[in-house]
Amino acid sequence: MNAPEKPAPSLPSTSEYILDNFKPTDRIAVLVLNRQLGETTQRITTAQKASSPEFQAWLRYKNANGADIYVGMNALQHHASTRTKDDIEKISHVYLDLDHGGTASLEALKNSDLVPRPNYVLNTSPGKFQVVWKVKGMTIQEAEALNQAIVREFDGDPAATDSTRVLRLPGFANKKYDEDFYVQACTESTQTYHLRDFKLQIESQDAPRHLQEEVARKPLPLSSTLSQSEHDWAFAKRALARGDEPELVIQRIAYYRANDKTDPNYYARLTVTKAQVALDTTATHKPNENKSQSEPTKAVLEH
């Protein structure tokens with residue numbers, strides 16, 4: 001007897017993907033980035049209009065002429081004209097960007113009981129993925145803390161944890177490489193998740209706590225959310241400590257921040273240099289045993 005055929009994965013169109021992740025009246029940010037020309041265009045419009053044939057035709061034209069296409073993953077307030085945290089109306093997604101070791105990290109994620117099955121896995125280029133969960137009932141602080149915990153667990157992009165982050169839209173070519181790679185989104189689940197569905201731990205100055213236990217007592221404080229530069233510094237420090245070559249770490253951070261920094265290579269090298277100095281200082285200076293345990297210590301360097 002032949003084994004039953006495995007059902008083919010669902011690959012939604014761009015319009016289907018938008019309308020499955022947002023209500024038609026949700027206002028969302030669509031980012032059009034042409035690196036060769038140094039042009040960035042952001043359109044804030046309803047999900048219904050963004051999924052329309054006319055808008056999609058404009059995006060295809062821009063993509064064919066060298067632009068990468070992205071979408072903000074959290075709906076914006078109706079009066080919003082920018083994509084800042086103050087403009088976010090509600091948290092509707094958490095996500096993970098898998099670049100370095102993406103295939104292995106994705107396999108580990110799918111076999112883990114620490115996170116629920118994602119709603120979408122986007123293949124953004126060979127061996128690189130973006131993972132999306134639909135969620136509700138989370139604050140910005142809770143969502144960003146959860147994004148950070150997912151990054152730590154599965155070795156994701158530490159820069160892709162901000163609630164205003166844009167991810168790639170499926171159906172368009174990735175223009176970062178010599179050859180076009182068309183982004184595809186594979187549907188994995190139709191569920192909408194809550195914070196309690198994630199069993200990850202969050203870093204703190206005291207001891208790691210399960211996110212759902214912490215939130216049951218009180219909302220996560222603003223201080224639990226680090227800036228992207230602080231995450232880059234922490235990522236560099238962890239990578240160097242485990243023996244990664246500094247130049248490789250610089251390349252990773254420069255790639256992560258290509259969309260955000262005028263000179264990502266300079267920024268990445270400065271970040272790695274500061275992380276190496278911090279590691280060298282820790283290795284050569286023992287902590288003062290007489291120092292009060294309650295005295296606060298500086299966890300990150302300013303960039």
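This report walks through a predicted model of a protein chain, starting with the whole chain and ending with strand β1.

## The whole chain

Let's begin with the parts list: the protein chain has 9 helices and 12 strands. It contains 303 residues, and 48% of them are buried. As for its outside, the accessible surface comes to about 16200 Å², with 50% of that belonging to carbon and sulfur atoms.

How do the contacts look along the sequence? Take the contacts between residues at least 6 apart in sequence: 68% of these join residues at least 24 apart.

## Strand β1, on the inside

Now zoom in on β1, which covers residues 27-34. Here 8 of the 8 residues are buried, so the strand is largely enclosed by the rest of the structure.

Try following the side chains along β1. Arg27, Ala29, Leu31 and Leu33 point one way, while Ile28, Val30, Val32 and Asn34 point the other way. Whichever way they point, all of these residues are buried.

## The neighbours of β1

Which strands pair with β1? One is β2 (residues 39-46), which runs antiparallel to β1 and is joined to it by 8 bridges. If you want a spot to look at, find Leu33, whose bridge partner in β2 is Thr40. β1 and β2 form a hairpin with 4 residues between the strands, and in this hairpin Gly38 takes a positive phi near 65°.

Another partner is β3 (residues 68-72), also antiparallel to β1, with 4 bridges between the two. In this pairing, Leu31 of β1 stands opposite Tyr70 in β3.

Key: Residues are numbered from 1 along each chain as its sequence is written. This is a predicted model: local features need pLDDT of at least 70, side-chain atom pairs count only at pLDDT 80 or more; totals for chains, interfaces and linings use all residues. Side-chain values use heavy atoms; hydrogens and water are left out. Buried means under 20% relative accessible area, exposed over 50%, partly exposed in between (1.4 Å probe, protein chains only). Contact means heavy atoms within 4.5 Å. Accessible areas come from the Shrake-Rupley method with a 1.4 Å probe; for residues, only the protein chains shown count as cover. Two strands pair if DSSP finds at least two bridges between them.
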